[in-house]
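Work through the exercises below with the sequence and the coordinates open. Try each task before reading its solution.

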Amino acid sequence: MELTLEQHIIHQLLLRSSMGKEVGLFHGKMGLILFFVHYFKHSGQQVYDDTADELMDELKAEIHTELPVGFATGIAGVGWGVEYLIQNGFVVDDSLKVCRSIDRTIMEKDLCRVTDYSLDTGLEGILHFVLAHIKGVMKQHAELPFDTNYLSDLYYALTTVPKDIDLPESFKILSTDYSSFYENRTELDYSLQLTPFMDEVQLEKEGLNRFPLGLKKGMAGFLLKKLIGNRL
């Protein structure tokens, strides 16, 4: 019996997911972990949960302090992925403890001199992680994951963005959410959603062995977008 496109993609993801060294959310193992936990929930087949566990072990072994801070390929995206797993009930863990080394590295970035406001490598991506992490930690603890200096520097960076920079609406919403939290310590209304990070891609059975695996513009994102939208 001929395999469907979905089955071909799953075969490629299982076969190739451990081959790369990229650990990030958009193109690496963190994104693949999120795909496999969702696909396990969808299918009930243990192989997908086992694959997610194996990838998490590999990610822990391969993550290092020289990784970029950014959201697409760096530790901010990895930390966001950890929060996604915990807050959606895929794992039971203490995010303050799990992300402690990530938090320390994030806080080393000088936000007072930031000029990159992008999602992939700049301030928008950091905002996603900070908001998700604060929300997750506050559900479990009476303390915040970031020190007062970092929280203040982030607020300063957001309130001093040059007026002539044309920022996307997504950045403005995140900035407003954080500023409201910082000024009033209001409860964060931040929702961890994967679909905004996954692009529409066209796939055919031929050439899948050369197609990217990841969440963004890759096979995992192609299937997960359909799965979350109840189209599988």
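Buried means under 20% relative accessible area, exposed means over 50%, and partly exposed lies in between. The model is predicted.

**Exercise 1. A salt bridge across the chain**

Task: Find which residue pairs with Glu 2 in a salt bridge, and classify the accessibility of both partners.

Solution:
1. Look for a nitrogen of Lys or Arg within 4 Å of a carboxyl oxygen. The partner of Glu 2 is Lys 205, at 3.0 Å from N to O.
2. Place both ends. Glu 2 sits in the segment before helix 1 (5-16), and Lys 205 in the loop between helix 9 and helix 10. The pair links distant parts of the chain, 203 residues apart.
3. Classify Lys 205. Its relative accessible area is 30%, so Lys 205 is partly exposed.
4. Classify Glu 2. At 64% relative accessibility, Glu 2 is exposed.

**Exercise 2. Salt bridges between helices and in a network**

Task: State how many salt bridges the whole structure holds. Then describe the one between Glu 58 and Lys 29.

Solution:
1. A search of the whole structure gives 6 salt bridges.
2. In the Glu 58 to Lys 29 pair, the closest N and O atoms are 2.8 Å apart.
3. Glu 58 belongs to helix 3 and Lys 29 to helix 2 (residues 29-43). These are distant parts of the chain, with the two positions 29 residues apart in the numbering.
4. Lys 29 has 1% relative accessibility, so Lys 29 is buried. Glu 58 has 22%, so Glu 58 is partly exposed.
5. Turn to another pair. Arg 113 and Asp 110 meet through their side chains in a salt bridge of 3.4 Å, N to O. Arg 113 is exposed at 70%. Asp 110 is partly exposed at 40%.
6. Now trace shared partners. Lys 21, Lys 29, Glu 58 and Glu 62 are joined by salt bridges into one network.

**Exercise 3. A charged patch**

Task: Name the residues that gather in a patch of negative charge on the surface, and check the accessibility of Asp 57.

Solution:
1. The patch consists of Asp 50, Asp 53, Glu 54 and Asp 57.
2. Asp 57 lies in helix 3 (residues 46-62).
3. A patch member needs over 30% relative accessible area and no salt bridge. Asp 57 has 52%, so Asp 57 is exposed.

**Exercise 4. Cysteines**

Task: Count the disulfides, then decide whether Cys 99 and Cys 112 are buried or partly exposed.

Solution:
1. Recall the chemistry. A disulfide is a covalent bond between the sulfur atoms of two cysteines.
2. The search of the whole structure returns 0 disulfides.
3. Cys 99 has a relative accessible area of 0%, so Cys 99 is buried.
4. Cys 112 reaches 38%, so Cys 112 is partly exposed.

**Exercise 5. Positive phi**

Task: Determine where Arg 185 and Lys 217 lie, and give the phi of each.

Solution:
1. Arg 185 has a positive phi of about 55°, although Arg 185 is not a glycine.
2. Lys 217 is another non-glycine residue with a positive phi, near 65°.
3. Arg 185 is in the loop between helix 9 (169-184) and helix 10 (219-228). Lys 217 is also placed in the loop between helix 9 and helix 10.
4. Check the surface. Arg 185 is partly exposed at 42%. Lys 217 is exposed at 53%.

**Exercise 6. Sequence and space**

Task: For three pairs, set the separation along the chain beside the C-alpha distance.

Solution:
1. Take Leu 192 and Ala 132. They are 60 residues apart in sequence and 6.8 Å apart in space. Leu 192 is found in the loop between helix 9 and helix 10. Leu 192 is buried at 10%.
2. Take Val 98 and Glu 83. They are 15 residues apart along the chain, and their C-alpha atoms are separated by 9.6 Å. Val 98 lies in helix 5 (residues 95-98). Val 98 is partly exposed at 38%.
3. Take Asp 93 and Tyr 156. Along the chain they are 63 residues apart, and the C-alpha separation is 32 Å. Asp 93 is in the loop between helix 4 (75-87) and helix 5. Asp 93 is partly exposed at 43%.

How values were computed. Residues are numbered from 1 along each chain as its sequence is written. This is a predicted model: local features need pLDDT of at least 70, side-chain atom pairs count only at pLDDT 80 or more; totals for chains, interfaces and linings use all residues. Side-chain values use heavy atoms; hydrogens and water are left out. Patches are made of residues with over 30% relative accessible area and no salt bridge: like charges are joined within 9 Å, nonpolar side chains (Val, Leu, Ile, Met, Phe, Trp, Tyr) within 5 Å. Accessible areas come from the Shrake-Rupley method with a 1.4 Å probe; for residues, only the protein chains shown count as cover. Lys and Arg count as positive and Asp and Glu as negative; His and the chain ends are not counted. The place of a charge is taken as NZ of Lys, CZ of Arg, CG of Asp or CD of Glu. Helices (H or I, at least four residues) and strands (E, at least two) are DSSP runs, numbered from the N terminus. Buried means under 20% relative accessible area, exposed over 50%, partly exposed in between (1.4 Å probe, protein chains only). A disulfide is a pair of cysteine sulfur atoms within 2.5 Å.
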